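Welcome! Here are a few exercises to work through with the structure open beside you. Try each task before reading its solution.

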Amino acid sequence: VTVFVAWWTVLFEYIARHPDVTPYFDPSGIHVLLWILRGLTLVYGAVCLAAFVLRQRRPDSPALVYEHALVYRTGCVLVTYALGLYTNLVSGLVILGGVSVGLVLWGRGPVLLVFALCVVLFSGITLADQLGVIAYAPALRAAPYREGRLDPVWLITIGTSSFVVITMFLL
């Protein structure tokens, strides 16, 4: 997950520096998304360090499992909200991939808790959007296609991410 978040951070750093490449992204929304991704990169680095230390001292501690699951889900919700819950495949795929991998690694307890949290957050975001309280996909200002053709940058960022998650899910 850390590598995945770092990859997105690098891609969106490029997009922020070259707004002419992706006219469908809102520059202010990209900067917010970048702060989220940078923060997640730092948090995941801290999680890796904590895992290294905690696993040596208390290998059976559930605290790290719950913490990782909550950070993963929070990051997924924030990023998919910024890009639009229903505009990209990542929203559904991170739920399926996260639940599948989580069940194998950690068991039902933390995974079902985080899944329920995700459903509540996605439902709340959808309701708030439909009531006009928040904007849908604040990082976007237009659809990521022109003249019936998907933009290559969208394909690289969202498309490769979706492909990786689908591949992991199938394996």
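**Exercise 1: Threonine 80 and its helix**

In this predicted model, threonine 80 has its place in helix H3 (residues 63-83).

Task: Decide whether threonine 80 is buried or exposed, and find which residues it touches beyond four places away in sequence.

Solution:
- Step 1. Buried means under 20% relative accessible area. Threonine 80 has 1% relative accessibility, so it counts as buried.
- Step 2. Leaving out residues up to four places away in sequence, threonine 80 touches Leu85, Asn88, Val90, Ser91 and Phe122.
- Step 3. A polar atom of the threonine 80 side chain also lies 3.3 Å from the backbone oxygen of valine 77.
- Step 4. Now look at the whole helix: 15 of the 21 residues of H3 are buried.

**Exercise 2: A salt-bridge network**

Task: Work out which residues are linked with Glu13 in a network of salt bridges.

Solution:
- Step 1. Start inside helix H1 (residues 2-17), where glutamate 13 and arginine 17 sit four residues apart, about one turn of the helix. Their side chains meet in a salt bridge (2.6 Å, N to O).
- Step 2. Glutamate 13 forms a salt bridge with arginine 38 too, with the closest N and O atoms 2.8 Å apart. This pair links distant parts of the chain, since glutamate 13 is in helix H1 and arginine 38 in helix H2 (residues 27-57), 25 residues apart.
- Step 3. Put the two pairs together: Glu13, Arg17 and Arg38 are linked in a network.
- Step 4. Check accessibility. Glutamate 13, at 18%, counts as buried, arginine 38, at 28%, as partly exposed, and arginine 17, at 58%, as exposed.

Conventions. Residues numbered from 1 in each chain as written. Predicted model: local features only at pLDDT ≥ 70, side-chain atom pairs only at ≥ 80, totals over all residues. Heavy atoms only, no water. Helix = DSSP H or I, 4+ residues; strand = E, 2+ residues; numbered from the N terminus. Buried < 20%, exposed > 50% of the residue type's maximum accessible area, 1.4 Å probe, protein only. Polar contact = N/O pair within 3.5 Å; in protein donor to acceptor, adjacent residues only side chain to side chain. Contact = heavy atoms within 4.5 Å. Salt bridge = Lys/Arg side-chain N within 4 Å of Asp/Glu carboxyl O.
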